[in-house]
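Please examine the sequence and the three-dimensional model shown here before reading on. The explanation is intended to be read alongside both.

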Amino acid sequence: FENVASGGGGGNYFKGEQWYLAEGTQTIAQKLAAPMGDAVILNSPVTSLSLAEDQRVRVTAAMGTFVGSHVIVAVPPQLYGGIGLLSLLPPERREVIRSFR
């Protein structure tokens with residue numbers, strides 16, 4: 001989907017200015033989270049991300065500290081530095097994100 005939406009799927013089928021979701025974009029997150037049940041923690045703001053000793057991701061949030069092999073970050077890139085995510089990214093991605101305003 002991402003490849004097609006970005007115009008890389010053989011045609012520019014989706015343009016942000018032309019498409020919207022009647023139910024809002026939160027519906028996407030809700031549909032993705034539904035099969036995961038209790039593994040998805042909502043309403044618990046993340047204060048920091050770091051790598052654990054075993055290279056898994058440690059997430060410190062309002063509800064506690066969690067460790068996992070994967071993390072979905074649903075904040076604008078401009079906020080990555082505030083939660084410690086920027087330092088976990090490869091250098092080339094850090095540079096691009098730092099240029100966001």
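The following paragraphs treat the confidence of the model, its fold, its largest pocket and several individual residues.

The structure is a predicted model, and its confidence therefore deserves attention at the outset. The mean pLDDT of the protein chain is 80, with 80% of its residues at 70 or more. Confidence varies between elements: the lowest mean, 45, belongs to helix α1 (residues 2–5), while the highest, 93, belongs to β2. Over residues 1–7 the pLDDT stays under 50, and the model has nine contacts beyond four places in sequence for this segment.

As to the fold, four helices and three strands make up the secondary structure elements of the protein chain. Their order along the sequence is α-α-β-β-β-α-α. The protein chain comprises 101 residues, of which 16% count as buried. If one takes the contacts between residues at least 6 apart in sequence, 16% of them join residues at least 24 apart.

The discussion now turns to empty space. Rolling a probe the size of a water molecule over the atoms shows where such space is left. In this model, the largest pocket holds about 1200 Å³. Its lining consists of 29 residues, and those closest to the pocket centre are V40, I41, L42, I72 and A74. Four elements, namely α2 (26–33), β1 (46–51), β2 (57–61) and β3 (64–68), each contribute at least two residues to the lining of this pocket. Helix α2 provides the largest share, with five residues. What is the chemical character of the lining, by class? There are 23 nonpolar and six polar residues, and no charged residues.

Helix α2 also contains T27. This residue counts as buried because its relative accessibility is 15%, which lies under the 20% cut-off. The side chain of T27 reaches the backbone oxygen of G24, at a distance of 3.2 Å.

The loop between α2 and β1 includes two residues that can be set side by side, N43 and S44. Which of the two opposite labels, buried or exposed, applies to N43? N43 is exposed, because its relative accessible area is 78%, and the cut-off for that label is over 50%. S44, by contrast, is buried, with a relative accessible area of 12%. The side chain of S44 has a polar atom that lies 2.8 Å from the backbone nitrogen of M63. Leaving aside residues up to four places away in sequence, S44 touches A61, A62 and M63. M63 thus appears both in the polar pair and among the residues that S44 touches.

Backbone geometry provides a further point of interest. Most residues other than glycine have a negative phi. N43, which is not a glycine, has a positive phi near 55 degrees. Q55 likewise is not a glycine, and its phi is positive, at about 70 degrees. Q55 is located in the loop between β1 and β2. With a relative accessibility of 57%, Q55 counts as exposed. Both positive phi values therefore occur in residues that count as exposed, N43 at 78% and Q55 at 57%.

Technical notes
Residues are numbered from 1 along each chain as its sequence is written. Side-chain values use heavy atoms; hydrogens and water are left out. On a 1 Å grid over the protein atoms alone, a cavity is a set of points where a 1.4 Å probe fits but cannot get out, and a pocket is an open set with protein on both sides within 12 Å along at least five of seven lines; lining residues have an atom within 4 Å of a point. Grid points are joined across faces, edges and corners, and a volume is the space filled by probe spheres set on the points. Ala, Val, Leu, Ile, Met, Phe, Trp, Tyr, Cys and Pro count as nonpolar, Asp, Glu, Lys and Arg as charged, and the others, Gly among them, as polar. Buried means under 20% relative accessible area, exposed over 50%, partly exposed in between (1.4 Å probe, protein chains only). A polar contact is a pair of N or O atoms within 3.5 Å; within protein, one must be able to donate a hydrogen and the other to accept it, and residues adjacent in sequence count only if both atoms are side-chain atoms. Contact means heavy atoms within 4.5 Å. pLDDT is the predictor's confidence in each residue, from 0 to 100.
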